[in-house]
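Let's take a walk around this one together. Have the sequence and the 3D view ready, and we'll stop at a handful of spots worth a look.

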Amino acid sequence: MDDIKSIMYRITLIPGDGIGPEVMDAALHVLEASNLKFDYQKAWAGNACFHAMGTTIPDETIEMARKADATLFGAVTTVSGQKSAIITLRKVMNLYANLRPLKSYPGVKSIYSDLDFFIVRENSEGLYSGKEEYIMGGEGAIALRKITRNASERICRFAFEQAIKTGRNKVTAVHKANVLRKTDGIFRKAFWNVADSYPGIDAEEMYVDAAAMFMITQPHRFQVLVTTNLFGDILSDEAAGLVGGLGMVPSANIGDENGLFEPVHGSAPDIAGQGIANPTAMILSASLMLQYLGEYRESLKLEEALFKVLREGKVLTQDLGGTSSTQKMASEVRKKLEKVNRDYSKMGREGT
Ligand code: ATP
């Protein structure tokens with residue numbers, strides 16, 4: 001236990017806008033009860049930052065995120081015409097893999113009660129290039145969709161490695177190569193090239209429209225799904241709907257040098273400031289961060305504590321059918337984490 005406590009992790013916090021700071025506070029409140037030490041540094045990004053500093057993503061924030069052991073990101077409101085802070089961070093830090101675990105949770109009303117799969121979304125290219133231009137004197141517009149063999153192979157490899165790491169035996173590539181023959185043609189070819197080096201893992205491919213349907217009718221067929229940027233964004237929100245909504249799904253943005261962890265949901269301006277946002281996705285994002293830092297046992301304990309609260313169903317936010325505030329739910333998770341810690345100590349599992 002003392003060993004763990006002697007490590008101090010440098011974490012950059014980017015709370016952002018809307019419910020971002022609310023769920024961030026909640027997650028930090030829970031993390032305080034973990035057996036780890038964190039040196040937090042707060043950084044600005046998003047719409048409020050734009051009004052205060054004239055930019056949605058100051059260079060200083062990027063530097064702080066680069067230097068940290070990991071970054072926790074809440075959510076930002078991106079106003080039309082402004083540079084997206086999160087897309088910029090993913091790009092400049094080369095956080096090419098976006099990992100989204102989709103899981104049914106005990107006690108949470110959801111369409112399926114036993115889902116447990118991953119969506120791996122390519123983060124660095126695709127339709128999120130931000131390159132659009134008007135044509136026909138503004139009567140039309142074109143968006144650039146860049147797909148490269150390198151980035152496609154890199155994300156497919158990440159997906160197969162994720163399958164191995166988590167004991168899955170199938171990876172599904174999702175694309176639309178019958179229509180997007182060149183761009184998704186490259187993605188598809190890259191997938192099969194990579195699949196050849198993983199003979200122990202089944203590989204399959206599926207068009208994105210069919211995948212959208214199977215996500216609803218037969219989601220159990222997915223174990224690890226790998227796809228390009230926009231398709232991954234849409235399919236993971238769809239999948240969030242299967243497991244209790246956007247408040248439930250965390251994500252990890254991983255590169256070779258850095259990791260940034262954020263809920264899949266956005267800043268939800270409609271519920272911001274009311275203290276009713278579900279903190280689950282942010283708490284689970286913190287748990288993914290602990291895994292990234294190699295703190296698997298602390299991550300497990302955090303999830304165990306959260307699952308206890310969900311299973312009991314007494315202290316939940318409104319979207320989960322409860323009446324509790326964000327902070328109250330977080331305090332309950334923290335209480336449970338303290339108990340999980342005590343139980344682990346009693347069982348002598350600390351330090352093993
Ligand atoms: P963005 O464009 O950044 O994704 P958005 O407002 O369009 O932002 P989200 O913020 O992802 O979309 O959320 C969509 C809706 O889902 C919200 O308006 C809100 O009602 C609900 N929602 C999202 N996150 C949560 C949460 N943590 N707790 C409760 N409800 C949430």
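## Around the ligand

Which residue has a backbone N or O atom 2.9 Å from a nitrogen atom of the ligand? That would be asparagine 278. Bear in mind as you look that this is a predicted model. On the oxygen side of things, a backbone N or O atom of glycine 266 comes to 2.6 Å from a ligand oxygen, and a polar backbone atom of serine 267 sits 3.4 Å from an oxygen atom of the ligand. Taken by itself, the ligand would expose 610 Å², and the protein buries 60% of that.

Zoom out a little and you'll count 13 residues surrounding the ligand. The closest are His265, Gly266, Ala268, Asp270 and Asn278. Sorted by class, that shell is made up of six nonpolar, five polar and two charged residues.

## Two residues with positive phi

Most residues other than glycine have a negative phi. Alanine 268, one of the residues closest to the ligand, has a positive phi of about 40° even though it isn't a glycine. You'll find alanine 268 in the loop between strand 12 and helix 10. Its relative accessibility is 22%, so alanine 268 counts as partly exposed because the partly exposed class begins at 20%.

Methionine 136 is another non-glycine residue with a positive phi, here near 50°. Look for methionine 136 in the loop between strand 6 (132–135) and strand 7 (140–143). With a relative accessible area of 62%, methionine 136 is exposed.

## Aromatic pairs

How many aromatic pairs does a search of the whole structure find? Eight. Among them is phenylalanine 38 with tyrosine 40: the ring centres are 5.6 Å apart and the planes meet at 15°, so this pair is stacked. Stacked here calls for planes under 30 degrees apart. Phenylalanine 38 is buried, at 14% relative accessible area, while tyrosine 40 is partly exposed at 30%. Now compare phenylalanine 261 and tyrosine 292, whose ring centres are 5.3 Å apart with planes at 55°, so that pair counts as tilted. Phenylalanine 261 belongs to strand 12 (residues 259–263) and tyrosine 292 to helix 10 (residues 280–292), so the pair ties together parts that are 31 residues apart in sequence. Is phenylalanine 261 buried or exposed? At 0% relative accessibility, phenylalanine 261 is buried; tyrosine 292, at 30%, is partly exposed.

There's a cluster to look at as well: ring pairs link Phe160, Phe191, Trp192 and Tyr198.

## Arginines over rings

Two arginines are worth finding next to aromatic side chains. Arginine 221 lies over the face of phenylalanine 214, at 4.2 Å from the ring centre. Arginine 145 does likewise with phenylalanine 231, at 5.3 Å from the ring centre.

## Threonine 166 and arginine 188

Where is threonine 166? Look in the loop between helix 6 (149–165) and strand 8 (170–175). The side chain of threonine 166 reaches back to the backbone oxygen of glutamine 162, at 2.7 Å. At 27% relative accessibility, threonine 166 is partly exposed. Follow the chain and phenylalanine 117 is 49 residues away from threonine 166, yet their C-alpha atoms are separated by 9.7 Å.

Arginine 188 has its place in helix 7 (residues 183–196). With a relative accessible area of 35%, arginine 188 is partly exposed. Arginine 188 and alanine 173 are 15 residues apart in sequence, and their C-alpha atoms are 7.5 Å apart in space.

## One last stop: valine 179

Valine 179 is found in the loop between strand 8 and helix 7. Its relative accessible area is 56%, so valine 179 counts as exposed, the cut-off being over 50%. For a sense of distance, try glutamate 312: along the chain it is 133 residues from valine 179, and the two C-alpha atoms are separated by 48 Å.

How values were computed: Residues are numbered from 1 along each chain as its sequence is written. This is a predicted model: local features need pLDDT of at least 70, side-chain atom pairs count only at pLDDT 80 or more; totals for chains, interfaces and linings use all residues. Side-chain values use heavy atoms; hydrogens and water are left out. Helices (H or I, at least four residues) and strands (E, at least two) are DSSP runs, numbered from the N terminus. Buried means under 20% relative accessible area, exposed over 50%, partly exposed in between (1.4 Å probe, protein chains only). A polar contact is a pair of N or O atoms within 3.5 Å; within protein, one must be able to donate a hydrogen and the other to accept it, and residues adjacent in sequence count only if both atoms are side-chain atoms. Rings of Phe, Tyr and Trp (its six-membered ring) pair if their centres lie within 6.5 Å; planes under 30 degrees apart count as stacked, over 60 as edge-to-face and the rest as tilted. A charge sits over a ring if NZ of Lys or CZ of Arg is within 6 Å of the ring centre and within 35 degrees of the ring normal. A residue is near a molecule or strand if one of its heavy atoms lies within 4 Å of it. Accessible areas come from the Shrake-Rupley method with a 1.4 Å probe; for residues, only the protein chains shown count as cover. Ala, Val, Leu, Ile, Met, Phe, Trp, Tyr, Cys and Pro count as nonpolar, Asp, Glu, Lys and Arg as charged, and the others, Gly among them, as polar.
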